[in-house]
Amino acid sequence: LKLKLAASAASTVVQTRRRWRDPRYALKDLPMSEDARAPRFPVMTPSAVHADNPYPQVWGPPATLATRSDNLVCAMVGLPARGKTYIARKLCQYISFFYGSPCKVFNVGEYLLRLVDGKFQKATFFDEANVEAKALRRQASENAVSDLCEWMAARKASKRKFAPENSEADKCSSYISGEFGAVAIYDATNSTKDRRAWLLEKLKPLGAKVVFLEVVCSDPDRLAENMASTHRTLQVQEVLSAEDTAAEIRERIGYYQQVYEPLSEKDFSWIKFVDGGREISLHNLRGFMASRFAQFLLNLHGQRRPIFFSRHGQSEYNRLGKIGGDSVLTEHGEEYASALAEWVDKEVKQDSEGKARPARLWTSSLKRTRLTARHIRHDSVCLPNGTEWVQMRPKMFRNLDEIYAGLCDGMTYEEIEREFPEEAAARKGDKFEYRYPRGESYTDLISRLEPMAHEMERSQETLLIVAHQAILRVLYAYFMGKPREACPSVSIPLNTVIKLTPTVEGCLEERFTLLPNLQGKEKDPASH
């Protein structure tokens, strides 16, 4: 017995030695970090795995059927010019983009404009004593609720991956809803207890959870900014000046204040969002999606500062047509890094009036982004509250690293097509859902970037992100209100800075080409 055990142990040692000699199991050391005291970490080289697995687990888009009670209606509450529409739009994009749940905003103001042929209405139109106008406003509310109920009821299941035993019964009780249920946002003032009770009664046949979100704002600066954004809308610009618009809105607010009743109903679920997030109250809040509302609002603020996106300068792998990797910059990439630093001094660190404004700098952990940002100067400025602020202090996030190509990391697309023809065909068939072997997909990337979206929403300073093509595609699509499936088609060329400025209607986009001497594929090299 002892001889058998010894022989078995010796055989195991031999097999282990053979395995480590096999290049498929080879270990390689990472290069020493900038801190010489940091230890070296061995990394296993990827290898092909052949398993006897006739029944593999299938990965793909969600096929979950949620019950009606998983659906959620968020009803906005608040006086005019409090930022309700801005918050409703941001919430809708966040839920639909990061969780894949159907989400739609039903804005009663838009329904009212249709009833009055898009004409701007004076403040007296919102006086409760104006019977004719009150009827029109009620009709707009009825139309919005009717469309909301019709939209949410249309989320019925049409196809399942696995047919249930009793398909007829299931068809009546289940809804296609992503993973967590469909979400509808009813954007109106809902300023009285009677109106909120009426809304609950109208929504009762849906069987959905209802959460009220009251937006309170007493900050005069925030109110002035909200009024200015209202004036920028076309139907107001054609009639009134900015000063007259502010006066009209104040008068309109006065009519609403005469009847306004703050949220206090004990049997309702509600969230109170005060002064751009300085204070948040939750009452009787239950469920995952409702909790995500609260989590998002904790990081939201009303200051609409610009965000700048820049892809790294041209890398060695860009020049060679390789994807992924951790290569350094080419000579042209170094030229862009210098040009970016000069441009940042004039366009990012200063506002439109030439005054210094606090700004942040984020990069990924990969060399090409850090090298691109290394020439940006970090001078100090004094903020109005007396605090000293270091401009563009670099902060590195691994969450901003490029999508990982797994076994295809460091290969050209021609090499992938030759070595992994099935993978190349799968990627061409569905670039959004496709996952690189032992790597990531765009859906994985969206999950990885959700914490970054929270951080970006939380930041109140101007922000420059120097990152990668796939990363910036996802962040751009999110802030521009595009569907998540559109990420792979977003153009993020080299040598270009993209500026996004948030507004009530969405983000205004500007693009600045700093070095125009790249053309075609060199300017926008294929990458994921």
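This report walks through a predicted model of one protein chain, from its overall make-up to a few chosen sites.

## The chain as a whole

Let's start with the broad picture. The chain has 528 residues, and 48% of them count as buried. Its secondary structure consists of 18 helices and 18 strands. The accessible surface comes to about 27400 Å², and carbon and sulfur atoms account for 52% of that area.

How do the contacts spread along the sequence? Taking contacts between residues at least 6 apart in sequence, 73% of them join residues at least 24 apart.

## Confidence in the model

The average pLDDT of the chain is 83, and 79% of the residues score at least 70. Two stretches deserve some care when you look at the structure. Residues 8–47 stay under 50 in pLDDT, and the model gives this stretch 32 contacts beyond four places in sequence. Residues 157–177 also have a pLDDT below 50, with 39 contacts in the model beyond near neighbours in sequence.

## Helix 17, an enclosed helix

Why can helix 17 be called largely enclosed by the rest of the structure? Helix 17 spans residues 469–479, and 11 of its 11 residues are buried, so the rest of the structure largely encloses it. The buried residues include aromatic-lettered positions you can pick out easily, Y476, Y478 and F479, along with Q469 and R473.

A470 is one of the residues of this helix. Its relative accessible area is 0%, which puts A470 among the buried residues. A470 also sits 10.0 Å from S441, C-alpha to C-alpha, with the two positions 29 residues apart along the chain. Just after helix 17 comes G481, whose phi is positive at about 75 degrees.

## Helix 2 and its two partners

Helix 2 is a good place to see how helices pack in this model. Two packed helices are described by the angle between their axes and the distance between the axes. Helix 2 covers residues 84–99, and its axis comes within 9 Å of the axis of helix 17, crossing at roughly 140 degrees. That angle makes helix 2 oblique to helix 17. On the helix 2 side the meeting residues are K90, Q93, Y94, F97 and F98, while helix 17 contributes V474, A477, Y478 and F479.

The other partner is helix 16, residues 442–458, whose axis comes within 10 Å of that of helix 2 at a crossing angle of roughly 160 degrees. Helix 2 is therefore roughly antiparallel to helix 16. Here K90, Y94, F97, F98 and Y99 of helix 2 meet I446, L449, E450, A453, H454 and E457 of helix 16. K90, Y94, F97 and F98 thus appear in the contacts with helix 17 and again in those with helix 16.

## Two cysteines without a disulfide

How many disulfides does a search of the whole structure find? The count is zero. C92 is in no disulfide, and the nearest cysteine sulfur, that of C103, lies 3.3 Å away. A pair of sulfur atoms would have to be within 2.5 Å to count as a disulfide. C103 is likewise in no disulfide, its nearest cysteine sulfur being that of C92.

Are these cysteines buried or exposed? C92 is buried, at 12% relative accessibility, and C103 is buried at 15%.

## Positive phi in two loops

Most residues other than glycine have a negative phi. D275 is not a glycine, yet has a positive phi of about 50 degrees. D275 is placed in the loop between strand 9 (269–274) and strand 10 (279–283), and it is buried at 11% relative accessibility.

N284 also takes a positive phi, near 55 degrees, without being a glycine. N284 lies in the loop between strand 10 and helix 10 (288–298). With 30% relative accessibility, N284 counts as partly exposed.

## L361 in strand 12

L361 belongs to strand 12, residues 359–363. With a relative accessible area of 1%, L361 is buried. Leaving out residues up to four places away in sequence, L361 touches A373, I376, H378, M392, R393, P394, K395, L464 and V466. V466 stands 105 residues from L361 in sequence, while their C-alpha atoms are 7.7 Å apart.

Key: Residues numbered from 1 in each chain as written. Predicted model: local features only at pLDDT ≥ 70, side-chain atom pairs only at ≥ 80, totals over all residues. Heavy atoms only, no water. Buried < 20%, exposed > 50% of the residue type's maximum accessible area, 1.4 Å probe, protein only. Helix = DSSP H or I, 4+ residues; strand = E, 2+ residues; numbered from the N terminus. Contact = heavy atoms within 4.5 Å. Areas by Shrake-Rupley, 256 points an atom, 1.4 Å probe, with all protein chains shown as cover. pLDDT = per-residue confidence, 0-100. Axes fitted to C-alpha atoms, helices over the stretch in contact; angles between N-to-C directions. Parallel < 35°, antiparallel > 145°, perpendicular 65-115°, else oblique.
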